[in-house]
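Student: Please take one part of this structure and examine it closely, explaining how it is held against its surroundings. I would prefer one connected account to a list of separate remarks.

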Amino acid sequence: MKLGSIVAGLALALTYHAAGQPVPPPDAAAAVPKCTSISVRKEIRSLSAAEWAAYNSALQKAVADGWINWFGFLHEKIERVIHGNSMFFLAHRNLMADYEAILRGYDPTVVLPYWNTMLDFQSPPSSLALGDSFFGGNGDAANGGCVPNGIANGWNFTYPKPHCLTRIYGQGMSISSWYPPEFVTSILQTSKTYSEFRKRLEGSLHGIVHLSLGGDIRTMHSPLDPVFWSLHGNIDRLYAQWQAADPDNRDFMYDGTYKDGTNVTLNDPIAYTSVRAYELMRLGYGKLCYTYDTIVNANGNAADLLSKKLDTREGQDGKGSQATTP
């Protein structure tokens, strides 16, 4: 056997998952430090008034200082290598960690909230997340689609050209229903490999929100819209939840290919950084000092808040409780 074939086989062994066999991490993974403290990312509607105020205040300062404009620029510049292939989950997980770090420069108590869009699948426009108290709703058609309410009211950017933050629901005035909890549960329970799970989630729950809200979030400079970060928080949560369902096999599962067709390996650097894939596989290690309120974190501390009812959800018919959704 040629040396090249042996090397290729060893690289593939780092990423290939055989049923019932744990995926071995590279030796360097042992050097990634365990976090000394863990923050809990919560569903946006379960935040306390003080938690939301802290997040909003830090975000407004980041907008004013140009950080969000920069993230929109960055995401568009690397979009070809972080979408439609195995880098999707890890690259966005890394972006969110950097975004959260920027916000904590303004307030160290800030924790990125996620938006569980499955709670609103029947009627997305009526979601409290798109109301006056949170992200705001549809853009004003008479004013170029500028968002007129919520925390993004009055936001303006210089990239890719001077403009207000825009949304154009469904490229019109309405949004049809999104994917229900049962659909996402099926993806979580039946996807056996990383690449299969990535493909199914990226192309469904992730894509439909980007496309149906329209405006800036429909573009590759989508981080300009504050919805982007909480949407991807939810996608990252589901990825972490899928990993936690079978940690021995999934903590370091990384298979599939990149856009150029090459096989991925755990030692590959993530786009725009020197961070390696294996450094972004486990919550609670390295720069990922967080967990989600629906899973048990990497340090083994229970953070299951699923039984907590959301007061803001009372009276909303036909959507079920948070405890019954992924």
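**Helix α7 and its partners**

Tutor: Helices α6 and α7 cross with a right-handed sense. The model in which this crossing is seen is a predicted one, and the account below follows α7 through its contacts.

The partners in this crossing are α6, residues 194-213, and α7, residues 226-244; their axes approach to within 11 Å, at an angle of roughly 160°. Because angles over 145 degrees count as roughly antiparallel, α6 is described as roughly antiparallel to α7. On the α6 side, the contact is formed by Tyr194, Phe197, Leu201, Leu205, His206, Val209, His210 and Leu213. These meet Val227, Phe228, Leu231, His232, Asn234, Ile235, Leu238, Tyr239 and Trp242 of α7. Sorted by class, the contact between α6 and α7 comprises 13 nonpolar and 4 polar residues, with no charged ones.

Aromatic side chains deserve separate attention. The whole structure contains 22 aromatic pairs. One of them joins phenylalanine 197 to tryptophan 242: the pair is stacked, with 4.9 Å between centres and 5° between planes. Since phenylalanine 197 belongs to helix α6 and tryptophan 242 to helix α7, this pair ties together parts 45 residues apart in sequence. Phenylalanine 197 and tryptophan 242 are both buried. Both also belong to a cluster linked by ring pairs, whose members are Phe88, Phe89, Tyr194, Phe197, Tyr239, Trp242 and Tyr254.

Phe88 and Phe89 of that cluster lead to a second partner of α7. Helix α4, residues 87-106, packs with α7 at an angle of about 125°, the axes being 10 Å apart. The two helices, α4 and α7, are therefore oblique to each other, and their crossing is left-handed. From α4, the contact draws on Phe88, Phe89, Leu90, His92, Arg93, Leu95, Met96 and Tyr99. From α7, the contributors are Phe228, Trp229, His232, Gly233, Ile235, Asp236, Tyr239, Ala240 and Gln243. The contact of α4 with α7 has 11 nonpolar, 4 polar and 2 charged residues. Phe228, His232, Ile235 and Tyr239 of α7 take part in the contact with α4, and these four residues are also listed in the contact with α6.

Two individual residues extend the picture. Valine 227 lies in helix α7 and, with a relative accessibility of 0%, counts as buried. Apart from residues up to four places away in sequence, valine 227 touches Trp115, Leu130, Phe135, Arg167, Leu213 and Ile217; Leu213 is among the α6 residues that meet α7. Valine 227 and tyrosine 114 are separated by 113 residues in sequence, yet their C-alpha atoms are 9.1 Å apart.

The other residue, arginine 250, is placed in helix α8, residues 247-250. Arginine 250 is also buried, its relative accessible area being 9%. Neighbours within four places in sequence aside, its contacts are Leu188, Ser191, Trp242, Gln243 and Ala245. Among these, Trp242 is the α7 member of the stacked pair with phenylalanine 197, and Gln243 takes part in the contact of α7 with α4. Arginine 250 lies 8.8 Å from methionine 281, C-alpha to C-alpha, across 31 residues of sequence.

As for the wider setting, the protein chain has 8 helices and 4 strands. Of its 326 residues, 52% count as buried. Among its contacts with a separation of 6 or more, 71% involve residues 24 or more positions apart.

Technical notes
Residues numbered from 1 in each chain as written. Predicted model: local features only at pLDDT ≥ 70, side-chain atom pairs only at ≥ 80, totals over all residues. Heavy atoms only, no water. Axes fitted to C-alpha atoms, helices over the stretch in contact; angles between N-to-C directions. Parallel < 35°, antiparallel > 145°, perpendicular 65-115°, else oblique. Left-handed = near helix turned anticlockwise from the far one by under 90°. Contact = heavy atoms within 4.5 Å. Nonpolar A, V, L, I, M, F, W, Y, C, P; charged D, E, K, R; others polar. Phe/Tyr/Trp six-rings, centres within 6.5 Å; stacked < 30°, edge-to-face > 60°. Buried < 20%, exposed > 50% of the residue type's maximum accessible area, 1.4 Å probe, protein only.
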